[in-house]
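Me: Could you take a close look at one strand for me, and at what lies on either side of that part?

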Amino acid sequence: MLPQHHDPIAAVATASGRGAVGIVRVSGKGLAPFVQALLGRDLKAREATYLPFPDQMGHPIDHGLALWFPGPHSYTGEDVLELQGHGGPVVMQLLLARCLAVAPSAGLEGLRLARAGEFTERAFLNDKLDLAQAEAVADLIDASTEAAARSASRSLAGAFSERIHGLREALIKLRMLVEATLDFPEEEIDFLKKADAEGQLSRLQDALSAVQSEAQQGALLRDGLRVVIAGQPNAGKSSLLNALAGAELAIVTPIAGTTRDVVQQTIQIEGVPLHVIDTAGLRESPDVDEVERIGIERAWGQIQKADAVLFLHDLTRAHETAYQQADAAIAAALPPGVTVLPVWNKLDRCVPATLEALGDRRGPDDMVLSAKNGEGLEALRQRLLALAGWQPSGDGVFMARERHLQALVRVHDHLMAAQALLLAQAEHLDLLAEELRLAQHALGEITGEFSADDLLGEIFSRFCIGK
């Protein structure tokens, strides 16, 4: 397990800067003598006490509330002391320094400053939270939308973990059947057929698919979708960004090459964060100067990292042969594997005959809109949600991360392999047992039953100090 996880730790648990209230938190084993030495009195468990916080001379550093949580009934599972004072940075640092200074004389050897996320790490190590719940703490703090906060709260309450444990129990039951068949091959009773092992495996796969779908929704709420607006100069990319954001973020002029750099804005559509990125117009021309050339290079770099690309076309120039050829060259250069949504802009400046003239160049799923007057904009928003895989019934989803999705994919792969082996059970029962074991191991990685120390270090290092 991670080093120094038995040391008592202390930190300022509130955000840096000035505030009405600031909190200093201490966690460790056997803190009662430390509390007496620090505050000059004992405290009642889980009861707020208003008192002065004295310095080494007995003069008050501040007056505030002290909260005492004897372990294991605390956030970390250890003894926890919280000092809630006025939230000035100097006051907080004085209180923290006083805690560190008092510790040796109170028999609390080794009290040190907490690492990022170490309080929540202690909660995980002491079985107060599983790993999925611990990650949900950080997700709740970082939530950028109301829907993301609600989903993170569900995960923190154990909704995601309960689903994983349900899958695990069904998987263990199936493993027991296979192991019984391996242990008693001479028995006439076929354990697998009698217990409907194939049916159990099929139901397990269906349950896994449902969890994967909800986890994908939760990951989308957490991470959002990276959408890049790309196309030739003056196709209306900056106007579309402004329209989607509902604000004048990017400069819009009739001059080609106005956008020289990347402009990004995060918007919300039904609670899903979309990171919309406006880029420089893509073109090959002797008129391109050094600054615009760099902007075009950055545009292609953003396209490489995109989850979806809105390939913007100018309806007013769609009839021009040179414009068509330039669009075709851009389309051919788009990276494979990136979702591309063709969007025809400037509908407000076109007559019906213009759309008819597009013919086969307009695909059945292409969007037609006007970034200027907003026509077709709501349809584009809904299409973006569909591209992201968002389902309207996503209110009850739980928060998930990319590592959770990858673990669920591995579970799916092992169960698919197990299904194939089950059909030839007489020859491959040992391999079937191993696939089921590996599937259970992958599930355990989500909740932390099977976790490498370096994974735990990576996860908790992303938390804020004091949490």
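Reply: Here's a walk around strand β9 and its partners. The model is predicted, so to speak a computed one: local features need pLDDT of at least 70, side-chain atom pairs count only at pLDDT 80 or more, and totals for chains, interfaces and linings use all residues. Residues are numbered from 1 along each chain as its sequence is written, and side-chain values use heavy atoms, with hydrogens and water left out.

Strand β9 covers residues 272-278 (strands here are DSSP E runs of at least two residues, numbered from the N terminus). Seven of its seven residues are buried, so β9 is largely enclosed by the rest of the structure; buried means under 20% relative accessible area with a 1.4 Å probe, protein chains only. In a regular strand, side chains alternate between the two faces of the sheet. In β9, V272, L274, V276 and D278 point one way, while P273, H275 and I277 point the other way. Note that D278 and H275 are buried along with the others.

Now the neighbours; two strands pair if DSSP finds at least two bridges between them. Strand β7 (residues 225-231) runs parallel to β9, joined by five bridges. Strand β8 (residues 263-269) pairs with β9 in the antiparallel sense, over seven bridges. L274 is a handy landmark: L225 stands opposite L274, and so does I267.

The link from β8 to β9 is a hairpin with two residues between the strands. In that turn, E270 has a positive phi of about 55°.

Terms used
Buried < 20%, exposed > 50% of the residue type's maximum accessible area, 1.4 Å probe, protein only. Helix = DSSP H or I, 4+ residues; strand = E, 2+ residues; numbered from the N terminus.
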